[in-house]
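Here are a few short exercises to work through with the model open in your viewer. Try each one before you read its solution.

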Amino acid sequence: MNSIMAIYKRELGSYFSTPVAYVFIVIFLMLAGVFTFYLGGLYERGQADLQAFFNYLPWLYLFLIPALSMRLWAEERKSGSIELLMTLPISISHAVIGKFLAVWLFIGIALLLTFPLWLTLNYLGEPDNPVILSGYLGAFLMAGAYLAIGSCISAITRNQVIAFVISVVVSFGFILSGFPLVLDFFKDWLPQIVVNAISSMSFLTHFNSITKGVIDLRDVIYFVSFIFCWLMANVIVVDMKKSD
Amino acid sequence: MIEVHNLRKQFGVFTAVDDISFKVKKGEVLGFLGPNGAGKSTTMKMITGFLNPSAGTVKVCGEDVVKSPLAVKKSIGYLPEGAPAYDDMTVDSFLRFIANIRGYHGAEKTKRIESAIQKANLESVIHKTIETLSKGFKRRVGLAQAILHDPPVLIMDEPTDGLDPNQKHEVRLLIKEMAKEKAIVISTHILEEVDAICDRAIIIAEGKVKFDGTPKELEAMSEYHNAIRLTVDGYPSLNAEKLLGELVGVNRVAYDRSVGEKTSYQIFAENVDDAVKQISHLAQDQDWVVDELVMEKGRLEDVFRRLTLGETEGSNHE
């Protein structure tokens, strides 16, 4: 526990000791505003909810979270500090969890900073606040899923750009797998059960139901186990690749 | 405290470390010598648990590094090659991070950090970020990190590489100071260092141990060991070499080199003391102006080259 905390503190501190954290937060908030008000048409909708924000969040995450996660392990390997880290008395899984928690919490902070959206809604109308809260919970869980992918892929390469690109592509796959376009493609030649499995792997399927205020245990379990599996893979990749 | 048995590491078809065995006791400083790519770093990485051995075992303080890596890592202080650290941190926050991971807190943590800073002479840079430091300071940050928990075993990969002579001297003093209570392994390709701080030297080349013994024994392997060097002013007659060779017990005489107005000979004899006496008599008889008459200690470079020769060039795997 001690060592997870130490890693976590160091990692979070390293985001704030460089401009990365501030740049990320400013851009995240700006884009969130643009998506919600212009593309999402918060005013035009005439409804006091944050669907306009949550609908675009998966696409915002798609580029911003790999940008945060790409350095997690790639930088350690590039600078050689992984040799220091891996010869300190900590297990790889502790290091992986510590790093993951640091970035996850950081994204949580960025999400919290979108509170003016919520204030605006409450000023303009009477939104269903529990639904919004549920939406934020879903947004946080989904951020963890993107991040787990990014963290694992960051350990595969020592080049941050490659880590970024691959993370975006893989995350994109997990968004698309819920789209009719993709499902139609599979429907013709795969059994229904497989098509359902592909569809159920999608972030969107699970995220959308949470943002509508339905916290289904299955959706929560999906995100938690998704994060768990990718972090397990992350541990294995770090172990295999640490000395390359 | 360190026991290495038949250690082997294979990268694909390339064998980086081939069946290495040795032990290091408490109070001993072991110098790891070898050309670049000989397998020094690979061996150290296996002792510290960074690499898994392909075969063989490593035990540190009685614990097997593969079976209980955490216990081993707790008792080792390791300075990796090039002293990697987190460049965007300040020295102070970096050492705090190490102390946190090592499980210290409160007054104990502060005390440990202060003592490491003081031992590594880092007082002047504690609030600077590591990336702005010079190579020498970076190395000392790595050193401070390695000795923070006062480990019984210290492994240092080229601790003095890239330091200026003063800094080298300081680091060597520090190592000597700590040597009594610890088992220390350092790798180096600076031969003088072996003489300066090591109790024992191991030479490896192509992943194999070529020599294991004290620096004195290493010197003794030099063909120049116990050779007598005679330097005289001017140019004595040509038969000087012959006269020297005719002395009792002298095996061979080599005309060494001419330095300015001087002439020098290497004399290889069975009984050195006896030969020195005879040579000085001969010099008196011949009216040579003797500039120097000394016994050579042995040239480490020669031994090193001889032991490590035949190494394939261009293999960068270390």
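**Exercise 1.** Find which residues of H4(A) meet which residues of H9(A), then describe how the helices pack.

*Solution.* Start with the H4(A) side in this predicted model: Phe54(A), Leu57(A), Pro58(A), Tyr61(A), Ile65(A), Pro66(A) and Ser69(A) make the contact. Across from them, H9(A) brings Gly135(A), Ala139(A), Met142(A), Ala143(A), Tyr146(A), Leu147(A), Gly150(A), Ser151(A) and Ser154(A). Next, sort the residues of this contact by class: you get 11 nonpolar, five polar and no charged. Now for the geometry. Two packed helices are described by the angle between their axes and the distance between those axes. Here H4(A), residues 51-69, and H9(A), residues 129-154, pack at about 30°, with axes 9 Å apart. Last, the handedness: H4(A) passes H9(A) in a right-handed crossing.

**Exercise 2.** Work out what chain A brings to its contact with chain B.

*Solution.* Count residues on each side: 20 come from chain A and 22 from chain B. Then look for elements of chain A that give two or more residues; these are helix H1 (2-17) and helix H6 (81-86). H1(A) gives the most, with seven residues. Finally, split chain A's side by class: six nonpolar, 12 polar and two charged.

**Exercise 3.** Where in chain A is confidence lowest, and where is it highest?

*Solution.* Take the whole chain before the parts: chain A averages a pLDDT of 90, and 100% of its residues score at least 70. Going helix by helix, the low point is H3(A), residues 42-45, at a mean of 76. The high point is H7(A), residues 92-112, at 95.

Notes:
Residues numbered from 1 in each chain as written. Chains lettered and ligands numbered in written order. Predicted model: local features only at pLDDT ≥ 70, side-chain atom pairs only at ≥ 80, totals over all residues. Contact = placed C-beta atoms within 7 Å. Helix = DSSP H or I, 4+ residues; strand = E, 2+ residues; numbered from the N terminus. Nonpolar A, V, L, I, M, F, W, Y, C, P; charged D, E, K, R; others polar. Axes fitted to C-alpha atoms, helices over the stretch in contact; angles between N-to-C directions. Left-handed = near helix turned anticlockwise from the far one by under 90°. pLDDT = per-residue confidence, 0-100.
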